Amino acid sequence: MTIDAAALKEKMERSSRIAIVIPPDAPEETYLAALALAEKAREKTFIAGGNQKSYHHWQALFGHYEEPRKEFTIVIDTAEHPIESLKYETRNNQLKIFLSPQARLAPEYFKFEEAYPRSSLVIAVGFSSRDEEEEALRDFPLEEGGEAISLSSPHEKMALSPLKLFARMILRARAEPASSITAERNDSSIWWSFISKEDFTKTDTTSPYIPPLLSLWRRFMPQSRFTVFLWQEKETEQISGLIHSSDEAALGRIARALGARLASDYFVIPPLFSNFTEAEFKIRRLLKEATP
């Protein structure tokens with residue numbers, strides 16, 4: 001099954017409970033991609049899998065996604081062992097389940113299972129093999145009419161690729177006080193992120209994917225006066241970028257200095273620079289000049 005981002009978004013909007021499942025040894029990139037996906041439907045989504053190191057490292061920034069407790073299930077094959085009726089009672093801190101079978105039951109006829117509550121949509125992200133994925137998904141039963149989607153195979157990369165690029169943008173990000181550039185000592189921070197051509201190659205994306213990810217970045221990351229993305233074009237290796245700010249006047253001055261046009265609260269920098277150092281030096285100078 002092949003699914004694009006729009007179809008996935010529609011499925012998530014229709015679902016009442018969504019499980020996003022990642023491998024127990026998932027790298028930070030996969031964990032961040034799952035977080036970005038979960039942000040689309042935070043109140044009805046939980047993430048399962050991953051490792052505690054990644055979880056604790058990013059929890060302070062992104063908050064906590066509550067993972068529900070597993071449910072314990074008693075299973076019997078009623079085709080082989082028909083049951084006429086069932087009832088239960090609780091008394092003296094004991095739960096008793098009464099079965100009326102058509103023939104004698106033996107303990108070995110019962111199986112005991114543990115699984116997460118049923119979900120209307122289960123999304124698998126980042127598994128290296130189909131067998132590994134199927135083994136993990138056994139703990140995530142579906143509601144009647146529910147659906148499981150894999151974003152692990154190459155056929156599903158249309159939906160996952162932008163999220164993996166977004167994850168790399170976060171991993172490459174750094175913040176610094178605006179006072180290191182401007183004279184305003186109490187101003188909020190400036191966020192920088194540097195994306196190489198290898199980041200595009202490994203996520204099967206190109207630079208036009210970045211501007212649409214700005215809204216997701218703003219939902220995830222702390223508020224800042226300026227956000228600066230710089231990237232290395234996949235084909236030419238020249239450096240382009242994007243600058244976002246709610247300071248319209250300052251943003252306009254910087255855009256004009258770089259020969260760019262504003263697009264709402266950001267603008268895209270044309271490929272003017274040969275390396276990241278040159279681009280960062282020029283933009284730092286413009287930020288300082290535009291924000292006295």
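**Two cores and a helix pair**

In this predicted model, the largest nonpolar core is made up of 45 residues, and L37, I123, W217 and F229 are those with the most contacts inside it. Helix α2, which spans residues 28-38, supplies the largest share of this core, namely eight residues. In soluble globular proteins, nonpolar side chains tend to be buried together.

L37 offers a way into the surroundings of this core, for, when residues up to four places away in sequence are left out of the count, L37 touches L8, M12, I20, I123, V125, L151 and L163. One of these partners, I123, is itself listed with L37 among the residues that have the most contacts inside the core. Apart from the largest core lies another one, of 22 residues, which includes A250, I254, A260 and F273.

Two of the residues just named, A250 and I254, lead on to a pair of helices, since both take part in the contact that α8 makes with α9. Helix α8 covers residues 248-257 and helix α9 covers residues 276-290, and their axes come within 9 Å of each other and cross at roughly 135°. Angles over 145 degrees would count as roughly antiparallel and those from 65 to 115 as roughly perpendicular, so α8 and α9 are oblique to each other. The crossing in which α8 passes α9 is right-handed. On the side of α8 the contact is made by A250, R253, I254 and A257, while α9 contributes L286, L287 and A290. Sorted by class, the residues in this contact of α8 with α9 are six nonpolar and one charged, with no polar residue.

A further residue to follow is V268, which lies in strand β14, a strand running over residues 266-273. Is V268 buried, partly exposed or exposed? Its relative accessible area is 37%, and because a residue must fall under 20% to be buried and over 50% to be exposed, V268 is partly exposed. With residues up to four places away in sequence again set aside, V268 touches P211, W231, G241, L242 and A260, and A260 is among the residues of the 22-residue core. V268 and F229 are 39 residues apart along the chain, and their C-alpha atoms are separated by 9.3 Å.

Turning to the protein chain as a whole, there are nine helices and 14 strands, and buried residues make up 44% of its 292 residues. Among the contacts between residues at least 6 apart in sequence, 68% join residues that are at least 24 apart.

Definitions and conventions: Residues are numbered from 1 along each chain as its sequence is written. This is a predicted model: local features need pLDDT of at least 70, side-chain atom pairs count only at pLDDT 80 or more; totals for chains, interfaces and linings use all residues. Side-chain values use heavy atoms; hydrogens and water are left out. Axes are lines fitted to C-alpha atoms, for helices over the stretch in contact, and angles run from 0 to 180 degrees between N-to-C directions. Helices (H or I, at least four residues) and strands (E, at least two) are DSSP runs, numbered from the N terminus. Angles under 35 degrees count as roughly parallel, over 145 as roughly antiparallel, 65 to 115 as roughly perpendicular and the rest as oblique. A crossing is left-handed if the near helix is turned anticlockwise from the far one by less than a right angle, and right-handed if clockwise. Contact means heavy atoms within 4.5 Å. Ala, Val, Leu, Ile, Met, Phe, Trp, Tyr, Cys and Pro count as nonpolar, Asp, Glu, Lys and Arg as charged, and the others, Gly among them, as polar. A nonpolar core is a set of buried Ala, Val, Leu, Ile, Met, Phe, Trp, Tyr and Cys residues joined through side-chain atoms within 4.5 Å. Buried means under 20% relative accessible area, exposed over 50%, partly exposed in between (1.4 Å probe, protein chains only).
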